[in-house]
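Here is a quick tour of a single chain, from its overall fold down to a few side chains. Keep the viewer open while you read.

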Amino acid sequence: MERIRETFNDGAPFELVKQTVLRNASRVRIGSEEKTFARLHFRKMMMRDSDSYALGEAIASKVSLKVKTMFHPIVKKELKNKYFIKLGSDKYNIIYTDYDAYYCYFYLERIGSDGREATSEQDERDASDET
């Protein structure tokens with residue numbers, strides 16, 4: 001049976017980014033640096049009830065976006081604490097990653113650019129500032 005070909009064109013490719021801490025000779029933190037490891041085309045997906053059940057209600061309530069991409073070898077490594085995803089000007093934390101031989105599914109939580117969680121209140125304030 002032949003595999004079905006899919007298109008991944010729901011926007012500009014997102015970047016899989018690793019944030020590293022910069023330290024001086026005396027091991028004092030002096031900043032951080034972001035390094036892009038991969039650019040992946042994606043397709044937005046809907047959260048299914050079975051996804052919510054598998055993740056658990058506490059984790060599933062944090063998920064703001066589910067995307068599907070072609071498989072990339074870096075996914076086999078531990079992604080949770082080391083990498084995040086940049087999609088345009090937004091940053092997303094990887095909550096959970098599921099993959100098979102051909103595709104990866106990322107469950108993402110939107111975070112602010114300064115590392116704080118973005119809330120719906122912040123989104124409403126941003127929308128009212130634009131008008």
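The secondary structure of this chain amounts to 3 helices and 7 strands, counting DSSP runs numbered from the N terminus, with helices being H or I of at least four residues and strands being E of at least two. Going along the sequence, the pattern reads β-β-β-α-α-β-β-β-β-α. Bear in mind that this is a predicted model, where local features need pLDDT of at least 70, side-chain atom pairs count only at pLDDT 80 or more, and totals for chains, interfaces and linings use all residues. Residues are numbered from 1 along each chain as its sequence is written, and side-chain values use heavy atoms, with hydrogens and water left out.

**The sheet**

The 7 strands make an open sheet in the order 2-1-5-6-7-4-3, with antiparallel pairing; two strands are taken to pair if DSSP finds at least two bridges between them. The edges belong to strand 2 (29-40) and strand 3 (42-45), each of which has a single partner strand, so one side of each has no neighbour in the sheet. On average, neighbouring strands of this sheet are turned by 40° against each other, direction ignored; the axes behind that value are lines fitted to C-alpha atoms.

At one of these edges, strand 3 is joined by 4 bridges to strand 4 (residues 65-70), and the two run antiparallel. Here M45 stands opposite K66 in strand 4.

How accessible is K66? K66 has 5% relative accessibility and counts as buried, where buried means under 20% relative accessible area, exposed over 50%, and partly exposed in between (1.4 Å probe, protein chains only). Setting aside residues up to four places away in sequence, K66 touches R43, K44, M45, M46, M47, R48, D51, Y105, F106 and Y107, a contact being heavy atoms within 4.5 Å.

**A loop residue to check**

In the loop between strand 1 (14-23) and strand 2 you'll find R27. R27 has a positive phi of about 65° although it is not a glycine. Most residues other than glycine have a negative phi. R27 is also exposed, at a relative accessible area of 60%.

**Salt bridges**

Side chains of opposite charge can pair when their charged atoms come close. With a salt bridge taken as a side-chain nitrogen of Lys or Arg within 4 Å of a carboxyl oxygen of Asp or Glu, the count comes to 4. Three of them, with their N to O distances, are tabulated here.

| Pair | Closest N to O |
|---|---|
| E34 and K86 | 3.8 Å |
| E34 and K91 | 2.8 Å |
| D90 and R110 | 3.3 Å |

The bridge between E34 and K86 links distant parts of the chain, with E34 in strand 2 and K86 in strand 5 (residues 83-87), 52 residues apart. E34 is partly exposed at 35% relative accessibility, and K86 is also partly exposed, at 25%. K91 sits in strand 6 (residues 90-99) and E34 in strand 2, so that pair ties together parts 57 residues apart in sequence. K91 is buried, with a relative accessible area of 14%.

For the bridge between R110 and D90, R110 lies in strand 7 (residues 103-111) and D90 in strand 6, so parts 20 residues apart in sequence are tied together. Both ends are partly exposed: R110 at 27% relative accessibility and D90 at 24%. Through shared partners, salt bridges join E34, K86 and K91 into one network.

**The nonpolar cores**

In soluble globular proteins, nonpolar side chains tend to be buried together. The largest nonpolar core here has 17 residues, and those with the most contacts inside it are F14, L16, V67, I85, I94, F106 and L108. A core in this sense is a set of buried Ala, Val, Leu, Ile, Met, Phe, Trp, Tyr and Cys residues joined through side-chain atoms within 4.5 Å. Strands 1, 2, 4, 5, 6 and 7 each supply at least two residues of this core. Apart from this core lies another, of 8 residues, including F8, A60, V63 and Y103.

Which residues does I85 contact, leaving aside its neighbours within four places in sequence? They are F14, E15, L16, D90, K91, Y92, I94, F106 and L108.

**The chain as a whole**

Of the 131 residues, 30% count as buried. Among contacts between residues at least 6 apart in sequence, 54% join residues at least 24 apart. The chain exposes about 9300 Å², with carbon and sulfur atoms supplying 48% of it; these areas come from the Shrake-Rupley method with a 1.4 Å probe.

Definitions and conventions: Axes are lines fitted to C-alpha atoms, for helices over the stretch in contact, and angles run from 0 to 180 degrees between N-to-C directions.
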